Amino acid sequence: MSFLFGSRSTKTFKPKKNIPEGTHQYDLMRHAAATLGSGNLRLAVMLPEGEDLNEWVAVNTVDFFNQINMLYGTITEFCTVESCPVMSAGPKYEYHWADGQTIKKPIKCSAPKYIDYLMTWVQDQLDDETLFPSKIGVPFPKNFLTIAKTILKRLFRVYAHIYHQHFKDVVSLGEEAHLNTSFKHFIFFVQEFSLIDKRELAPLQELIDRLANKDKDRL
């Protein structure tokens, strides 16, 4: 099933993934939102005292999926098969899609197609109760952090594509502050728990260094 529905002009993806109210993960999500409101992102990403790392990573992974889903949704009219025939993050970085199940051998495809594959693939995992349990007492799989790392590594590629190919479009929509805050939050989170290999971050390393230095200036 295609991730995008209706005409592209709707600028909409599938509904965002909601964490059920009344669950511990919902409380964690509210805690995360409240800490984010303080404006200190380094503090906001830290594991709350006494909390389970898997659960914290799960809640934040869902949140980043929703954020990226929304950010990319605003620029779909600019990201077309014609404008972005390959999924890239600048001239040095090109991404080919494989999910290891239906598409085992990496295929070259346009950016919108790649992001469609990617977001559908992520959503399927977030909806899988055996991988992302939402019920209290249901354990996370032993390899949960490995699963989360792969998801976050791939979500990073959407940020990288937006920054390299569509930053002018983001600016024209007045969305750059929102994009920068979302990306900074994402980067501080994956750095806090070493969730993405430094080599994978290379397409945006300069921006990451700038964000980190700006943060130090504020301290």
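Let me start with one pair of side chains: the side chain of His166 makes a polar contact with the side chain of His161, at 3.2 Å, where a polar contact is a pair of N or O atoms within 3.5 Å, one of which, within protein, must be able to donate a hydrogen and the other to accept it, and where residues adjacent in sequence count only if both atoms are side-chain atoms. I should say at once that this is a predicted model, in which local features need pLDDT of at least 70 and side-chain atom pairs count only at pLDDT 80 or more, while totals for chains, interfaces and linings use all residues. Residues are numbered from 1 along each chain as its sequence is written, and side-chain values use heavy atoms, with hydrogens and water left out.

Those two histidines also appear in a record: an unreviewed UniProt entry lists Cys79, Cys84, His161 and His166 under "binding site", with positions in the numbering used here, a shortened feature name, and the caveat that annotations may be inferred rather than shown by experiment. Although these residues span 88 residues in sequence, no two of their C-alpha atoms are more than 9.9 Å apart, so they gather at one spot.

His166 itself lies in helix H5, residues 144-172; helices here are DSSP runs of H or I with at least four residues, strands are runs of E with at least two, and both are numbered from the N terminus. With a relative accessibility of 1%, His166 counts as buried, which in this scheme means under 20% relative accessible area, with exposed meaning over 50% and partly exposed lying in between, for a 1.4 Å probe and protein chains only. Leaving aside neighbours within four places in sequence, His166 is in contact with Ile75, Phe78, Cys79, Cys84 and His161, contact meaning heavy atoms within 4.5 Å.

Cys84 sits in the loop between helix H3 (53-74) and strand E1 (87-88), and at 4% relative accessibility it is likewise counted as buried. Apart from neighbours within four places in sequence, the contacts of Cys84 are Cys79, Ser110, Ala111, Pro112, His161 and His166. Ser110, for its part, is found in the loop between strand E2 (94-95) and helix H4 (111-126), is buried at 9% relative accessibility, and, with the same sequence neighbours set aside, touches Val81, Cys84, Pro85, Val86 and Met87.

Turning to how H5 packs, its axis and that of helix H6 (residues 176-192) come within 11 Å and cross at roughly 155 degrees, the axes being lines fitted to C-alpha atoms, for helices over the stretch in contact, with angles running from 0 to 180 degrees between N-to-C directions. That makes H5 roughly antiparallel to H6, a label for angles over 145 degrees. Among the residues making the contact are Leu152, Phe156 and Tyr163 of H5, and Leu179, Phe183 and Phe186 of H6.

In the loop between H5 and H6 we find Leu173, which is partly exposed, with a relative accessible area of 34%. Leu173 and Ile75 are 98 residues apart in sequence but 8.7 Å apart in space, C-alpha to C-alpha, and Ile75 is one of the residues in contact with Leu173, along with Thr74 and Phe78, once neighbours within four places are left aside.

Finally, the whole chain: it has seven helices and two strands, in the order α-α-α-β-β-α-α-α-α along the sequence. Buried residues make up 50% of its 219 residues, and of the contacts with a separation of 6 or more, 70% are between residues 24 or more positions apart.

Conventions:
Angles under 35 degrees count as roughly parallel, over 145 as roughly antiparallel, 65 to 115 as roughly perpendicular and the rest as oblique.
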